[in-house]
Amino acid sequence: MRTGAMGICVMCLLLLAACQREKRDIRPSPTRLAIYGDAAKEDALRPGGPISPQPVVNNPYNGSAYDISEGQRLFNWYNCSGCHANGGGGIGPPLIKQHWTYGGEPANLFDTIVKGRPNGMPAWGGRIPEYQVWQIIAFIRSMNGEQPRSATASRQDSIETNPQNIVNRVRGKTK
Amino acid sequence: MKNNTRQIFSTFAGVLGVACLSLLISCAGHQQSAVDPAGPQSGRIDTLWWSFFWLLGAIFVIVMVLTLMTLGRRHRGFEQEPLEATHKPSEETDSRLRRIIAGATVTTVVILFVLIVASVGTGKANSELQNKKNPLTIQVTGNQWWWQLEYMNSDPTKILVTANEMHIPVGRPVQIRGISNDVIHSFWVPNLNGKRDLIPSHVTTQWMEADHPGVFRGQCAEFCGLQHAHMAIWVIAEPEDKFDAWMRAQLQPAAGPSTPELQRGRQVFMNNACVYCHEIQGTTAAGQNGPDLTHFGSRRGIAANTVPNTAGNLAGWILDPQSLKPGNHMATIALNSTDLQPLVEYLESLK
């Protein structure tokens, strides 16, 4: 009897822990409104070469379902999909992959978006507020299975199927 | 004692009836009311509504009176012996009961049938328009949380795109083509017609016609997310010549900035995130995600008519959209005070 009650209590606590997933900071913190400056060294811009080490930057929106879905919306609104399609690439390189030309860590992605890259990637710095850049990064990372499964959408707005399945296919985890 | 109960009952019923009636009568003359019709479609709905009201109200009163009568009726009481289980009503009582029950059943079925015919007839009459000459077609696109309006024309240079404020000519049928960009919304201007859902990837149509000039408020009628309650539209019915003048003015590209201050405002608009989502015809701004701002200054409200269109409200909205309409999709951008003032002045100058 007592074990049962304890079990129920533990389950309830676990349930509360899941609330984090649905947390919505709909009003971005003023510190995240800035148009971001220079985080990367210019010598990092060497396509295909070794990536110079980046400071470890934590995406403030890691694991937040709301911000990942906002990132998905902005991915289309700002026409990232125009070149990268739904992550599979087209005019631009695919975004579902293991080997990134300019690094796949959040800080690398941030620099890529804010400063642009040679051969076509425009610099979005000075245009998009910082919190939206982080939301887009959270979405891109979710396409690569780098976000908790609980926070990613079970289906995309576009015709693409479940991104996690694609990642698994790319990595050869499923048939 | 018995008299007291009866008095309380009748007073209560009277007060309730008067309250309901005054509530309904106070709706008349309002900008958002289904019982203040401004066109043939809403007129039919109004007639149907009141016939339902009087018929069902009469039935309600009759049932209540009969109930009160049974309460006040002398009953067998303690003084009399209870009826035996084997007691059988007389032939006369039996046939009377049968007649009453059969009559009530037939009356109920007939009344329900009449109501169905009236309701279906109204719906059918509203979905088809007798007067179809020279209709105006407007495509209404639901977005989280605003309305895009596209005035269709066979001449592509005369297609007008605007948002959140619909002008229609009096006495001319208007066809609403409804569609949605994200979730299901519902277009409802109660003074002109009933609701019509706007569904992604599926066009729905609705006809409406205003028979006198007026300003009517519409509201999204299908829960569509955080700011469903702040998704309003103004419909302005005006005489044909006034409508044509409005249309001509709206089809013009945006006025160029006439002072250095306005020029600065336009520059701020073009150099910030504004330009990715909003279109201003006649400039390089061609974003399609948010409302078209070509003639923003001529509109009555901002943020889908959440607040009136004044310079103060606009400045507050641009600086912190999430405080006025939490969860909306406008980007929060950091603006210098020296940039904000010219930007607001420029947008308000887009008459």
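**Helix packing, a small sheet and a few odd backbone spots**

In chain A, a set of residues on helix 2, namely A:Asp67, A:Ile68, A:Glu70, A:Gly71, A:Gln72, A:Leu74 and A:Phe75, meets A:Gln132, A:Gln135, A:Ile136, A:Ala138, A:Phe139 and A:Ser142 on helix 5. Sorted by class, that contact holds 6 nonpolar, 5 polar and 2 charged residues. All of this comes from a predicted model. Two packed helices are described by the angle between their axes and the distance between the axes. Here, the axes of helix 2 (residues 65-77) of chain A and helix 5 (residues 130-143) of chain A come within 7 Å and cross at roughly 100 degrees. That angle makes helix 2 of chain A roughly perpendicular to helix 5 of chain A.

Stepping back to the whole of chain A, there are 6 helices and 0 strands, so read from the N terminus the elements simply go α-α-α-α-α-α. Of the 175 residues in chain A, 32% are buried. As for contacts in chain A with a separation of 6 or more, 66% come from residues 24 or more positions apart.

Chain A also has an unusual backbone angle. Most residues other than glycine have a negative phi, and most peptide bonds are trans. A:Ala85 goes the other way, with a positive phi near 50 degrees. A:Ala85 sits in the loop between helix 3 (81-84) and helix 4 (106-115) of chain A. Is A:Ala85 buried or exposed? With 16 other C-beta atoms within 10 Å, A:Ala85 comes out as partly exposed.

Next comes the contact between the two chains. Chain B puts in 11 residues, and chain A puts in 11 residues. On the chain B side, 7 residues are nonpolar and 4 are polar, with no charged residues.

Chain B brings strands into the picture. Three of them, a set of 3 strands, form an open sheet in the order 4-10-9, with mixed pairing. Strand 4 and strand 9 (214-219) of chain B stand at the edges with a single partner strand each, so one side of each has no neighbour in the sheet. From one strand to the next, the twist averages 25 degrees. What makes up the mixed pairing? Strand 4 of chain B pairs with strand 10 of chain B in the parallel sense over 5 bridges, whereas strand 9 of chain B and strand 10 (residues 232-238) of chain B pair in the antiparallel sense over 6 bridges. Among the residue pairs, B:Ile168 has B:Ala237 as its bridge partner in strand 10 of chain B, and B:Gly214 stands opposite B:Ala237 as well. Another pair joins B:Arg217 to B:Trp234 in strand 10 of chain B.

The side chains of strand 10 of chain B alternate: B:Ile233, B:Val235 and B:Ala237 point to one face and are buried, while B:Ala232, B:Trp234, B:Ile236 and B:Glu238 point to the other and are not. Helix 4 (residues 240-251) of chain B lies across strand 4 and strand 10 of chain B, at about 135 degrees to strand 4 of chain B.

B:Ile168 deserves a look of its own. This residue lies in strand 4 (residues 165-169) of chain B and counts as buried, because 25 C-beta neighbours lie inside 10 Å. Leaving out residues up to four places away in sequence, B:Ile168 touches B:Leu136, B:Val174, B:Ala210, B:Val235 and B:Ala237. Take B:Leu136: B:Ile168 is 32 residues from it in sequence, with 8.3 Å between them in space, C-alpha to C-alpha.

Chain B has a helix pair to set out too. The axes of helix 7 (residues 311-319) of chain B and helix 9 (residues 337-348) of chain B come within 10 Å and cross at roughly 120 degrees. Helix 7 of chain B and helix 9 of chain B are therefore oblique to each other, and their crossing is right-handed. In this contact, B:Ala311, B:Leu314, B:Ala315, B:Ile318 and B:Leu319 of helix 7 of chain B meet B:Leu340, B:Leu343, B:Val344, B:Leu347 and B:Glu348 of helix 9 of chain B. The residues divide into 9 nonpolar, no polar and 1 charged.

Two backbone details in chain B round things off. B:Ala303, in the loop between strand 11 (301-302) and strand 12 (307-308) of chain B, has a positive phi near 55 degrees. B:Ala303 is buried, with 23 other C-beta atoms within 10 Å. The peptide bond from B:Gln144 to B:Trp145 is cis, with omega near 0 degrees, and B:Trp145 falls in the loop between strand 1 (136-143) and strand 2 (146-151) of chain B.

Note on methods
Residues are numbered from 1 along each chain as its sequence is written. Chains are lettered from A and ligands numbered from 1 in the order in which they are written. This is a predicted model: local features need pLDDT of at least 70, side-chain atom pairs count only at pLDDT 80 or more; totals for chains, interfaces and linings use all residues. Two residues are in contact if their C-beta atoms, placed from the backbone, lie within 7 Å. Ala, Val, Leu, Ile, Met, Phe, Trp, Tyr, Cys and Pro count as nonpolar, Asp, Glu, Lys and Arg as charged, and the others, Gly among them, as polar. Axes are lines fitted to C-alpha atoms, for helices over the stretch in contact, and angles run from 0 to 180 degrees between N-to-C directions. Helices (H or I, at least four residues) and strands (E, at least two) are DSSP runs, numbered from the N terminus. Angles under 35 degrees count as roughly parallel, over 145 as roughly antiparallel, 65 to 115 as roughly perpendicular and the rest as oblique. A crossing is left-handed if the near helix is turned anticlockwise from the far one by less than a right angle, and right-handed if clockwise. A residue is buried if 20 or more other C-beta atoms lie within 10 Å of its own, exposed if 12 or fewer, and partly exposed in between; C-beta atoms are placed from the backbone. Two strands pair if DSSP finds at least two bridges between them.
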